[in-house]
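Please open the model in your viewer with side chains shown as sticks, and keep a distance tool at hand. The tour below proceeds selection by selection, with a short account of what is found at each stop.

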Amino acid sequence: MSSTASSSDKLPSFEKTWGSSTSSGYCSDEAADSDGEFEQYFTARTSFFPKAGRKAIAHVKKDEPSDCGKPVLTTADIQKKVKEYNAQINSNLFMNVNKDSSYTGFIKVQFKLARPVSVMHPKKGGGGGAQNAASRKGASVKRRTSFYLPKDASKHLHISSRTSAREVIEALLKKFTVVDNPGKFALFERSERHDQVYIRKLSDNERPLPLRLCAGPNEKVLSFVLKENETGEVNWDAFSTPELKNFLLILQREEEEHIKQIVQRYEVARAKMQEALRGSTPG
């Protein structure tokens, strides 16, 4: 599915093409007791703590620019690089040069969000006949839904070389009808060089597509990540009571699962020891 959006008269509209879907796992109906609006909370994340055992890259350096920096390309450079770029990809995600020397292409954005996002959608009213007026009023009632995006979620976005990082963020939020302030999010470029990971926050006015063109299609050389705009601990005071209750339910389920795994581990170890005792020869 694709759609067209425009942020200013100076910038051309760009088409958004989306490649994957997002699913949610856990649902809490108890969160629907809010005043003034209906609230329901979903999550595709079942843990607030990092999982052990995942192999991480040794070093992460922040605020390190990629080798591309801020490329300034002539028309001839653009045409040459677009041709080289298209020759390296095995999909139909090509770049195309326009007559005004601007160009369009695809970028892939990974979601690395630690907190849930909020969406608003109208609740459909029921009834018919004489209740049509009441139904129209009911249709204006808003339902708020909060959910975690899966950590491995990603989207392909078709943009122009004139599209800014801020516009990319707004387009992504619009896709999910997220009502959170775009200022809460930031677009980062990520690159791997010599077994090190370099991460740099893009300014609102930076343009991701020229960076993509300069780096080529290799995601290890350069990739884009959407993250929260601030760092540090989560400010739990900023969440509503239904949201906090939902998080407590998640923590309770996680605690019960950890206890179950520990008990099973010791039961297996105990059974092996007892079996070894029965098979041993006194002496």
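Begin by selecting Asn98, which touches Tyr103 and Thr104 when residues up to four places away in sequence are not counted, a contact being heavy atoms within 4.5 Å. Before going further, note that this is a predicted model, in which local features need pLDDT of at least 70 and side-chain atom pairs count only at pLDDT 80 or more, while totals for chains, interfaces and linings use all residues. Residues are numbered from 1 along each chain as its sequence is written, and side-chain values use heavy atoms, with hydrogens and water left out.

Staying on Asn98, display the secondary structure: this residue sits in the loop between strand S6 (96-97) and strand S7 (103-111), where helices (H or I, at least four residues) and strands (E, at least two) are DSSP runs numbered from the N terminus. Asn98 counts as partly exposed because its relative accessibility is 34%, the class between buried (under 20% relative accessible area) and exposed (over 50%), computed with a 1.4 Å probe on protein chains only. Add Ser160 to the selection, and the C-alpha atoms of Asn98 and Ser160 will be found 9.9 Å apart, although their positions lie 62 residues apart along the chain.

Next, select Asp100 and Arg162, whose side chains form a salt bridge with an N to O distance of 3.2 Å; the term requires a side-chain nitrogen of Lys or Arg within 4 Å of a carboxyl oxygen of Asp or Glu. Asp100 belongs to the loop between S6 and S7, and Arg162 to the loop between strand S10 (154-160) and helix H3 (165-175), so this pair ties together parts that are 62 residues apart in sequence. Asp100 is partly exposed at 42%, and Arg162 is likewise partly exposed at 27%. By the rule just given, the count comes to seven salt bridges.

Move on to helix H3 and select Glu170 with Arg166, which lie four residues apart, about one turn of the helix. Their closest N and O atoms are 3.2 Å apart, in a salt bridge. Relative accessibility is 31% for Glu170, which is partly exposed, and 26% for Arg166, also partly exposed.

For the last stop, select Arg190 and Glu192, where the side chains meet in a salt bridge at 3.0 Å, N to O. Finally, show Arg166, Glu170 and Asp204 together, since salt bridges that share partners join these residues into one network.
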